[in-house]
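Here are some short exercises to work through with the model open in your viewer. Try each task before you read its solution.

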There are 2 protein chains.
Amino acid sequence: MKTAILSVGTEILFGQIVNTNTVYLSQQLNMLGFDVMYHYTVGDNTTRLKEMIDYIFHDCDLIITTGGLGPTQDDLTKETVCEALNDKLVENADAMDNLKAHFQHSVMTENNLKQAYLPSRATMFRNDTGTAPGFALEDNGKMVICMPGPPKEMTKMFENHVRPFLEKMQDSVIFYKTVRTIGYEESRMETELLDLIDSQTDPTLATYAKDTGCTVRVASKRKTAEEAETAVNEMVEKVLDRIGEYVYSTEDEDIEQVIAKKLLEKGLTISAAESCTAGLFSSTLANVPGISAAFNRGIATYSNEAKIDELGVKPETLEKYGAVSAETALEMAKGLAEKTGSDICLSVTGIAGPDGGTPQKPVGLIYVAANYSDKAAGKNGSGRSETVIEYRRNTANRDWNRRFSTLRMMELANKILDGKLE
Amino acid sequence: MKTAILSVGTEILFGQIVNTNTVYLSQQLNMLGFDVMYHYTVGDNTTRLKEMIDYIFHDCDLIITTGGLGPTQDDLTKETVCEALNDKLVENADAMDNLKAHFQHSVMTENNLKQAYLPSRATMFRNDTGTAPGFALEDNGKMVICMPGPPKEMTKMFENHVRPFLEKMQDSVIFYKTVRTIGYEESRMETELLDLIDSQTDPTLATYAKDTGCTVRVASKRKTAEEAETAVNEMVEKVLDRIGEYVYSTEDEDIEQVIAKKLLEKGLTISAAESCTAGLFSSTLANVPGISAAFNRGIATYSNEAKIDELGVKPETLEKYGAVSAETALEMAKGLAEKTGSDICLSVTGIAGPDGGTPQKPVGLIYVAANYSDKAAGKNGSGRSETVIEYRRNTANRDWNRRFSTLRMMELANKILDGKLE
């Protein structure tokens with residue numbers, strides 16, 4: 001069913017709040033098999049709201065609104081929906097009972113009574129966490145479902161009352177998986193998957209570029225959840241055949257979650273020595289709850305002095321090759337390994353910018369190194385290996401270069417753990 | 001000017017991303033004096049996009065779009081806007097130059113070339129952080145401005161090119177300052193400033209609650225920039241009289257920028273030992289270019305072993321008081337001071353959650369400590385002082401607790417530097 005989400009509230013148009021309701025409802029409605037075709041936001045204004053409802057119905061059969069159901073003067077959604085769907089407000093006995101129950105221990109100001117009025121043909125949805133009830137109203141095959149704006153009230157009402165109501169309206173289910181990659185450009189990915197994208201009507205494939213890497217969403221809409229899941233899994237296998245080498249998750253996980261899971265499962269430890277990122281890798285890895293069992297320590301060695309003191313980098317190395325060099329990166333990782341004994345010791349040194357570059361060593365020059373145990377790479381033995389990778393980035397954006405470096409460290413750790421590093 | 005924001009992207013309709021672009025643009029456009037009347041979102045579909053543009057123009061004169069400018073097949077905004085505004089795409093020499101420069105060190109797939117085509121009458125906006133340029137196109141007094149979807153590219157393009165373009169369209173000038181505070185609740189702030197907020201039509205005051213603390217925006221719209229600036233500065237003085245004690249910037253700077261500036265000006269050094277934040281303070285401070293002159297090192301001591309090895313925390317202290325205790329926090333800061341000699345040595349230890357709490361030491365218990373030189377506090381002498389603060393947070397949200405801890409470390413450093421700590 002073609003569906004639109006309509007948010008009502010001038011504060012949204014001012015950019016004063018982030019519209020998380022729409023994100024939540026989009027996810028929920030898509031999962032229930034409703035086709036969310038549009039999002040709309042309009043201020044607290046009857047004329048524009050009425051006009052918008054009329055317009056949306058030219059292409060959609062269902063509108064889900066949030067906001068404008070409260071007790072104050074600028075709450076106008078209910079009145080306007082009534083007008084658009086040819087109904088009138090009447091006192092609703094259930095709504096009045098709930099309202100009185102809500103205020104049994106406190107004083108109810110007069111304006112609250114407004115909330116006991118609903119369209120005469122409405123199906124009421126109780127508000128279990130607030131005072132304004134929601135409702136569904138139908139007219140001539142077009143339906144509006146109205147819910148309150150505060151996210152807590154809305155999500156509770158959706159879970160408890162609106163979802164069961166919508167489920168009864170549907171005869172298909174959507175299942176999808178999100179495949180995440182790292183080190184891969186969207187344009188290259190699309191080229192690789194183009195025939196699959198073009199030829200498929202179900203499952204459908206869509207690629208997205210994100211900060212942290214490109215993703216492919218594989219979605220199927222079928223009669224049953226099992227059918228949809230099977231179709232999606234088969235297509236994900238095809239995707240993995242093509243671009244599997246860049247994939248780190250088919251479950252929409254962040255790469256730090258994937259790494260953390262592998263470290264914890266295998267009983268491995270990790271430490272990091274960071275120059276240009278100054279702790280960004282460590283703090284990102286520590287996003288994952290329970291990581292303390294694997295994450296030994298992180299050292300942000302910004303100064304040369306710190307690199308020598310903390311990691312035993314040789315002053316000669318710094319002098320001969322510079323702080324930003326493959327040699328320094330390797331010594332940082334090695335020093336960290338000697339100090340901590342962690343299975344995977346990562347290091348990074350680079351020129352994040354915007355200044356500090358030279359013709360020989362421009363801004364965006366980054367070295368990522370690892371010193372890791374055989375065990376980390378899934379091999380027998382008690383030896384250690386080391387590796388270093390040079391990146392030359394064509395940007396002086398400090399923030400990007402630091403995030404890029406962090407991601408490359410994640411990528412390297414993941415490759416080591418997958419035994420993909422020679 | 002009546003304005004609509006139109007987001008293009010099926011991923012938004014699936015609820016896969018939070019539409020932060022619209023929040024940002026709403027704030028910016030309102031500040032520039034444009035009346036944002038509607039938000040719209042439509043998928044990657046030419047017919048529906050064209051229909052929507054036509055519809056929006058019945059009530060608005062300006063549409064700002066984000067998304068759908070990239071290299072892949074489903075990027076259709078440019079073509080559709082061309083159709084709606086009676087123009088055609090032609091190769092744009094500037095856009096082609098930028099594209100080639102972007103790919104000078106890597107391989108460009110064929111589909112990227114699409115991004116060098118723009119409407120023939122378009123004013124191009126360069127993309128300083130990506131490949132897809134933006135543009136403005138006018139027809140019969142109606143204008144569309146198209147920007148890319150990735151928030152980093154969009155915000156940079158807006159700041160560098162679109163805002164100046166929009167400013168020229170307005171016949172009055174807006175000047176504003178953003179006063180930033182830390183450690184202050186929005187409701188308290190509003191109460192303190194209420195008469196100023198209510199009585200003023202110009203300059204206007206608006207308060208916003210942000211993750212990093214509350215802000216007050218003071219804005220004036222006048223005929224000339226000078227008039228507006230004078231009015232704003234006078235009002236900012238009034239605001240400082242009321243709440244100055246919580247203010248760390250009247251120039252909309254991040255607190256790490258403020259701290260970095262003070263450290264560099266005074267020739268002071270700083271180091272940090274982080275347990276629960278695991279490098280988040282260090283990496284946040286390192287956002288600031290040039291900080292390497294002041295930032296000596298950061299040590300993420302997640303494990304007890306690391307706290308002992310790196311910072312000389314006594315095993316007895318850990319055993320008697322626990323890793324999360326005032327005593328451990330103080331020893332961490334002291335150990336760091338002995339190791340590095342930095343003027344300000346900060347430490348943090350806490351239970352970030354979601355698990356790991358006990359009745360005595362619940363999730364959300366955090367200790368922030370500092371060991372700092374007289375010089376750092378602006379005093380004569382060669383001694384050092386120390387301090388520790390306990391926080392009890394009523395949330396098990398790991399991410400929030402770690403960000404909160406980082407901010408408290410920033411706040412403490414700033415107080416030390418301002419000589420506000422006894």
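**Exercise 1. Find how many residue pairs are in polar contact between chain A and chain B, then describe the interface around them.**

Solution. This is a predicted model, and the count takes pairs with both residues at pLDDT 80 or more: 36 residue pairs are in polar contact between the two chains. Next, sort the residues on the side of chain A that touches chain B: 29 are nonpolar, 23 polar and 19 charged. Now take the extent of the interface: 71 residues of chain A are in contact with 70 residues of chain B. Finally, look at the area: the two chains bury about 6,000 Å² between them, with 51% of it on carbon and sulfur atoms.

**Exercise 2. Check whether A:Glu310 and B:Lys339 qualify as a salt bridge.**

Solution. Start with the cut-off: a side-chain nitrogen of Lys or Arg must lie within 4 Å of a carboxyl oxygen of Asp or Glu. The closest N and O atoms of A:Glu310 and B:Lys339 are 3.1 Å apart, and the pair forms a salt bridge. Across the whole interface of chain A and chain B, the rule finds eight salt bridges.

**Exercise 3. Trace the sheet that includes strands from both chains, and find where the chains join.**

Solution. Write down the order first: E17(A)-E16(A)-E15(A)-E13(A)-E14(A)-E14(B)-E13(B)-E15(B)-E16(B)-E17(B), an open sheet of 10 strands with mixed pairing. Its edge strands are E17 (384–392) of chain A and E17 (384–392) of chain B, each pairing on one side only. The twist averages 10° from one strand to the next.

Then go to the junction. Strand E14 (residues 295–301) of chain A runs antiparallel to strand E14 (residues 295–301) of chain B, and five bridges join them. There, A:Ile299 has B:Ile299 as its bridge partner.

For a parallel pair, turn to E13 (residues 270–274) and E15 (residues 344–350) of chain A, which share five bridges; A:Ser271 is partnered with A:Cys345. Helix H13 (residues 326–340) of chain A lies across E13, E14, E15, E16 and E17 of chain A, at about 145° to E15(A).

**Exercise 4. Explain why one side of E10 and of E12 in chain A has no neighbour in the sheet.**

Solution. List the strands: E10-E11-E9-E12 form an open, antiparallel sheet in chain A. E10 (204–210) and E12 (247–249) stand at the edges with a single partner strand each, so one side of each is left without a neighbour in the sheet. Neighbouring strands here are turned by 30° against each other on average, direction ignored. To finish, add helix H7 (residues 186–199) of chain A, which packs on this sheet and touches E9, E10 and E11.

Technical notes:
Residues numbered from 1 in each chain as written. Chains lettered and ligands numbered in written order. Heavy atoms only, no water. Contact = heavy atoms within 4.5 Å. Buried area = accessible area lost by both parts, 1.4 Å probe. Polar contact = N/O pair within 3.5 Å; in protein donor to acceptor, adjacent residues only side chain to side chain. Nonpolar A, V, L, I, M, F, W, Y, C, P; charged D, E, K, R; others polar. Pairing = 2+ DSSP bridges. Helix = DSSP H or I, 4+ residues; strand = E, 2+ residues; numbered from the N terminus. Axes fitted to C-alpha atoms, helices over the stretch in contact; angles between N-to-C directions.
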